[in-house]
Structure formats: structure tokens, C-alpha cells
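Student: Hi, have you got a few minutes to go through a model with me? I'd like to ask things as they come up.

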Amino acid sequence: MEARDLRVSDAEREHVGELLQRAVGQGMLSLGEFTERMDTALASKTRGELNSVLVDLPGMQIAEEHRPSAQPLAGPTSHTAPRSVVHEHRGHSGGASDTLRGTMSTITRKGPWNVPPRLRLSTRMSSVTLDFTQAVMTTQVVDIRVDDYCSTVTLIVPTEATVDVNAVDTIAGSVTNKVRTGPPYGPLHLVVSGKVRLGSVTAKHPFGSSIRRMFG
């Protein structure tokens with residue numbers, strides 16, 4: 001068996017993901033190319049497949065026996081998208097779903113915002129904060145579907161709320177639930193599912209909630 005056909009580990013995929021992030025920051029890859037190459041890296045099974053996303057990047061020294069036999073992906077570009085603040089909201093009715101999208105962005109929902117029954121997050125290298133403490137609810141149970149690369153997603157819920165994050169798949173990422181999990185018994189129950197790649201999802205109460213409960 002050739003060296004390029006050897007199997008790779010999650011740690012190797014994570015390391016390649018970090019190299020791709022660095023290439024974006026240095027202007028060698030566009031965000032579209034980053035997403036495409038991350039999909040390839042996370043799905044790769046052999047060293048040759050994994051190295052195919054790096055072989056054309058300057059400064060990458062890959063041994064000949066570890067190089068892919070196929071042609072590499074599209075070449076780098078010198079342009080990157082500017083970091084922006086995104087507040088996108090699509091109207092909904094009945095059981096429709098809203099989609100929040102962001103790339104290298106800051107997405108925030110707080111105050112009396114309307115929460116749909118189903119909410120989808122499609123984010124790349126972003127910071128997302130969804131504060132449900134004063135939100136206007138249309139249903140007790142809200143389904144949140146996450147499709148993320150390298151972002152930080154924070155869900156802030158009232159003290160009576162419950163959150164289920166068991167259906168979230170992580171690839172070199174993390175999911176932290178600091179609140180009570182189901183079944184739903186209060187005014188709000190979040191069911192979070194989807195995939196997080198090199199990112200994090202955290203469900204928590206507002207700052208100081210535990211202290212306020214302690215002192216009544």
C-alpha cells in the first residue's frame with residue numbers, strides 16, 4: 001500500500017482545517033474555496049485525499065509519497081470577503097422556518113424578537129448570539145438546525161427553559177449545555193440538531209441567573 005493511501009485521523013483533519021483557516025487569513029483562499037476544501041478535508045479518508053486541499057498552497061511541503069494522485073482543487077485567490085455584521089431575518093408564517101446566514105460575521109438576536117417554530121443557522125467563521133430571554137414565542141418547542149464551520153454559537157435562554165443538544169454532530173468542535181435538558185415543561189424548549197465543524201455551540205442562562213436564584 002502506498003503512503004498516500006493510508007488512513008487519516010480526526011486530529012489530522014483538524015490540523016488541516018487550521019491550515020486552511022490560516023490560508024484564508026493570508027488571502028490565499030476565498031471563503032468559497034475554504035468551504036469547498038473544508039468539506040473535502042472532513043470527508044477525506046486517506047492521506048492523499050486530505051493533502052489534495054493543501055498541495056497548491058504556498059509554503060506547504062508535502063512529501064511526494066503523500067501527494068494525491070488526482071489533480072488539486074481550484075487555485076488560490078488574493079481576495080477575501082470583509083468582516084461584517086449581519087442581521088438577516090426572513091418572514092415566516094405558520095410552520096415556516098427562518099434562516100440566518102453569515103460568513104465572517106456577527107449575528108445577534110436579542111430583546112423582543114419574533115422566534116419562528118423552526119430556525120436554521122448557516123454560518124461560516126461567525127459569532128452568533130441568540131437571546132431568548134425577552135423573545136416573542138409562537139410555539140413552546142423551537143427546532144434549531146445548525147450547519148456551521150468555525151463559528152461560535154451561543155443560546156441564552158430563560159431560567160425555566162430546557163434545551164436538548166443531543167442531536168448535534170461535532171467534527172473537531174464542541175457542544176456545551178449549561179441548562180436543564182428535556183422534556184419540555186416550561187415556556188420554551190429548544191431542540192438543537194445539525195453539524196458543527198471546528199466550532200462550538202453553548203446553551204446557557206443569562207449572566208448572574210444562578211446568583212439571583214441563590215438569593216431568591
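Student: Let's start in the middle of things: which strand does V115 lie in?
Tutor: V115 is in strand β4, which covers residues 114-115. Keep in mind that this is a predicted model.

Student: Is V115 buried or exposed?
Tutor: Its relative accessibility is 0%, so V115 counts as buried.

Student: And what is V115 in contact with, apart from its neighbours within four places in sequence?
Tutor: V115 is in contact with F132, A135, V136, M137, T138 and V142. As for spacing, the C-alpha atoms of V115 and L130 are 10.0 Å apart, with the two positions 15 residues apart in sequence.

Student: You mentioned L130. Which residues have the most contacts inside the largest nonpolar core?
Tutor: L130 is one of them, together with F132, I144, L155, L190 and V192, in a core of 27 residues. The elements giving two or more residues to this core are β5 (118-124), β6 (127-131), β8 (141-149), β9 (152-156), β10 (162-171), β12 (189-197) and β13 (200-204).

Student: Pick L190, then. What is L190 in contact with, leaving aside its neighbours within four places in sequence?
Tutor: The contacts of L190 are F132, V142, I144, L155, V157, T162, V163 and D164. Apart from this core lies another, of 22 residues, which includes L20, L31, A41 and M104.

Student: Is there a general trend behind cores like these?
Tutor: Yes, nonpolar side chains in soluble globular proteins tend to be buried together.

Student: Let's change topic to the helices. How many residues does α1 have, and how far does α1 reach?
Tutor: Helix α1 runs over residues 10-25, so to speak a stretch of 16 residues, and reaches 23 Å from its first C-alpha to its last. That is close to the 22 Å expected at 1.5 Å a residue.

Student: Which residues of α1 are buried?
Tutor: The buried ones are R13, V16, G17, L19, L20, A23 and V24. Viewed down the axis of α1, they fall within an arc of 160 degrees, so they line one face of the helix. On the other side of α1, A11 and G25 are exposed.

Student: What covers the buried residues of α1?
Tutor: The cover includes α2 (31-43) and α3 (47-51).

Student: How do α1 and α2 pack, then? What is the angle?
Tutor: The angle is about 170 degrees, and the axes of α1 and α2 are 10 Å apart. Angles over 145 degrees count as roughly antiparallel, and α1 and α2 are therefore roughly antiparallel to each other.

Student: Which residues make that contact?
Tutor: From α1 there are R13, V16, G17, L20, Q21 and V24, and from α2 there are L31, F34, R37, M38, A41 and L42.

Student: G17 keeps turning up. What does G17 touch, not counting residues up to four places away in sequence?
Tutor: G17 touches F34, M38 and L198. With a relative accessibility of 0%, G17 counts as buried. The C-alpha atoms of G17 and Y149 are separated by 9.8 Å, though these residues are 132 residues apart along the chain.

Student: Back to α2 for a second. Which of its residues are buried?
Tutor: In α2 the buried residues are L31, E33, F34, T35, R37, M38, A41 and L42. The end C-alpha atoms of α2 are 18 Å apart, which agrees with the 18 Å that its 13 residues should span at 1.5 Å a residue.

Student: New topic: backbone angles. What is phi for M125?
Tutor: Phi of M125 is near 50 degrees, a positive value in a residue other than glycine. Most residues other than glycine have a negative phi. M125 sits in the loop between β5 and β6, and at 15% relative accessibility M125 counts as buried.

Student: And where does C150 lie?
Tutor: C150 is in the loop between β8 and β9. C150 has a positive phi of about 60 degrees although it is not a glycine, and its 13% relative accessibility means that C150 counts as buried. Just after α1, G27 takes a positive phi too, of about 80 degrees.

Student: To finish, how many helices and strands does the protein chain have?
Tutor: The chain has 4 helices and 13 strands. Buried residues make up 45% of its 216 residues.

How values were computed. Residues numbered from 1 in each chain as written. Predicted model: local features only at pLDDT ≥ 70, side-chain atom pairs only at ≥ 80, totals over all residues. Heavy atoms only, no water. Expected span 1.5 Å × (residues − 1). Buried < 20%, exposed > 50% of the residue type's maximum accessible area, 1.4 Å probe, protein only. Arc of directions from axis to C-beta. Contact = heavy atoms within 4.5 Å. Core = buried A, V, L, I, M, F, W, Y, C linked by side-chain atoms within 4.5 Å. Axes fitted to C-alpha atoms, helices over the stretch in contact; angles between N-to-C directions. Parallel < 35°, antiparallel > 145°, perpendicular 65-115°, else oblique.
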